[in-house]
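Here is a short briefing to read alongside the model. Please keep the viewer open as you go through the points.

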Amino acid sequence: MSDSKSGLPPGELLFEAPKRGKPPRHLMDMAPKERRAAFVELGLPAFRADQVSRQWLGRLSDAPSTWSDLPAQMREQVAKMFLPQLLTPVRSIDCDGGTTVKSVWRLHDGAVIESVLMRYPERVTMCISSQAGCGMNCPFCATGQVGLTRNLSTAEIVEQVLEGARALDRGLIAGGPGRVSNVVFMGMGEPMANYGAVVEAVRRLVSSAPAGLGLSARGITVSTVGLVPRIKQLATEGLPVTLALSLHAPDDELRDTLVPVNTRWPVAEVLNAAWEYADQTHRRISIEYALIRDINDQAWRAELLADLLATHLVHVNLIPLNPTPGSIWTASRPADEDEFVRILRDRGLAVTVRGTRGREIDGACGQLAAATN
Ligand code: SAH
């Protein structure tokens, strides 16, 4: 059964983003075949599309004037037709000695998004946005308070990664020249509510040049509040990305308030979808759990969580709550956090407590862009 106009399952329209002017068409919106067709339509030979893609994705060059394999006049035409600037830097703030860089971008219609680059000794992770704002309304999340402005296009998503890749390639990030190894959809937005553009963006990221950026799907994490039909769909795409499920509570009573979409797809249902995803992709599920003082950090909730997760292919990522401005909630007491971790580990679960990179620059969870609006 599907809605006759949108082709989406009934009720999915609830999550439809407001319609705004579309961003201008960009090379990164197009699959390789579409790029060739678009070039031919302009009277350019198809192989030129591959050359341009190789410059853009392979060499990470965003300066068409330097593309000596193309005639000068064609470079200008291609830049104008296929490479409009989608992300305009508003500001960029760094910390951790320049190895964490948060960027705020303005889009063509004035919408604001953010991305964060985090460099570790063994990897570089880009945390990117899938929507401007978010419609999921989780009360502890800064983006949730802003509401949904609109979905991002595939190119707007891919360009966030490419901006980071270019900066690294040029040695502009502390630590010298480098490459992006990981991408997490944990910036603004609910990726599963912008499914088509997100899946296309992932394809662009994992295909090798000139089709894409050549990242490993294993290094990509799609984080969701738990839109069950979309989790099931993602399992069929042949893209073995890591699925992160923002659980935050093991019981429906509390999860209904922390992650309101739970009233539609409750804990048991969303976990079943996650286990199905793990079965189909052989990828370990990452369970995200923000520890909120006296709200979800009780020992009995840790026991209940362990009951739900034990025996499954899973990893628990505990996130000390990053308090949003004006919120009455705060992070758990260290002793409660330790006890929560201990209970889960005693039950044989793999647990990490997420580092608080970028906290002093509002690097976590939509805070800076929210402050810019
Ligand atoms: N909408 C997606 C992805 C974006 S949020 C999702 O919810 O999964 C990425 C992660 O940060 C989610 O697990 C989210 O619950 C968590 N998060 C949001 N606000 C937070 C806060 N103030 N402190 C700690 N974690 C937060």
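Glu156 counts as buried, because its relative accessibility is 0% and the buried class covers anything under 20%. This residue sits in helix α5, which spans residues 154-169. Please bear in mind that the model is predicted. The points below start with the surroundings of Glu156, then turn to the ligand, some backbone details and the overall fold.

**Around Glu156**

- What does the side chain of Glu156 make a polar contact with? The partner is the side chain of Arg150, at 2.9 Å.
- Arg150 also appears among the residues that Glu156 touches once those up to four places away in sequence are set aside.
- The rest of that set consists of Pro23, Leu86, Leu87, Leu107, His108 and Asn151.

**The ligand and its shell**

- The ligand is surrounded by 18 residues, and the closest of them are Gly189, Ser223, Ser246, His248 and Asn322.
- Sorted by class, this shell contains nine nonpolar residues, seven polar ones and two charged ones.
- Ser246 places a polar side-chain atom 2.6 Å from an oxygen atom of the ligand.
- For His248, too, a polar side-chain atom is found 2.6 Å from a ligand oxygen atom.
- Thr224 takes part through its backbone: one of its N or O atoms there lies 3.3 Å from an oxygen atom of the ligand.
- How much of the ligand's accessible area does the protein cover? Taken on its own, the ligand has 530 Å² of accessible area, and the protein covers 96% of that.

**His248, seen from the backbone**

- His248 deserves a second look, as its phi is positive, at about 65 degrees, although the residue is not a glycine.
- You will find His248 in the loop that runs between β9 (242-246) and α8 (252-258).
- Is His248 buried or exposed? With a relative accessibility of 6%, His248 counts as buried, since the class takes in values under 20%.

**Other backbone details**

- Asp294 is another non-glycine residue with a positive phi, here about 60 degrees.
- The loop between β10 (285-291) and α10 (299-309) is where Asp294 lies.
- Asp294 counts as partly exposed because its relative accessibility is 47%, and that class lies between the 20% and 50% limits.
- A cis peptide bond links Ala209 to Pro210, with omega near 5 degrees.
- Pro210 belongs to the loop between α6 (195-206) and β8 (220-224).

**The fold as a whole**

- The protein is built with 12 helices and 12 strands.
- Its radius of gyration is 21 Å, which agrees with the value near 21 Å that a compact globule of 373 residues would have.
- Along the principal axes, the C-alpha atoms fill a box of roughly 70 × 55 × 35 Å.
- Of the 373 residues, 55% count as buried.
- Among contacts with a separation of 6 or more, 66% come from residues 24 or more positions apart.
- About 15,700 Å² of the protein is exposed, and carbon and sulfur atoms supply 52% of that area.

Methods:
Residues are numbered from 1 along each chain as its sequence is written. This is a predicted model: local features need pLDDT of at least 70, side-chain atom pairs count only at pLDDT 80 or more; totals for chains, interfaces and linings use all residues. Side-chain values use heavy atoms; hydrogens and water are left out. A residue is near a molecule or strand if one of its heavy atoms lies within 4 Å of it. A polar contact is a pair of N or O atoms within 3.5 Å; within protein, one must be able to donate a hydrogen and the other to accept it, and residues adjacent in sequence count only if both atoms are side-chain atoms. Accessible areas come from the Shrake-Rupley method with a 1.4 Å probe; for residues, only the protein chains shown count as cover. Ala, Val, Leu, Ile, Met, Phe, Trp, Tyr, Cys and Pro count as nonpolar, Asp, Glu, Lys and Arg as charged, and the others, Gly among them, as polar. Helices (H or I, at least four residues) and strands (E, at least two) are DSSP runs, numbered from the N terminus. Buried means under 20% relative accessible area, exposed over 50%, partly exposed in between (1.4 Å probe, protein chains only). Contact means heavy atoms within 4.5 Å. The radius of gyration is taken over C-alpha atoms; the globule rule is 2.2 Å times the number of residues to the power 0.38.
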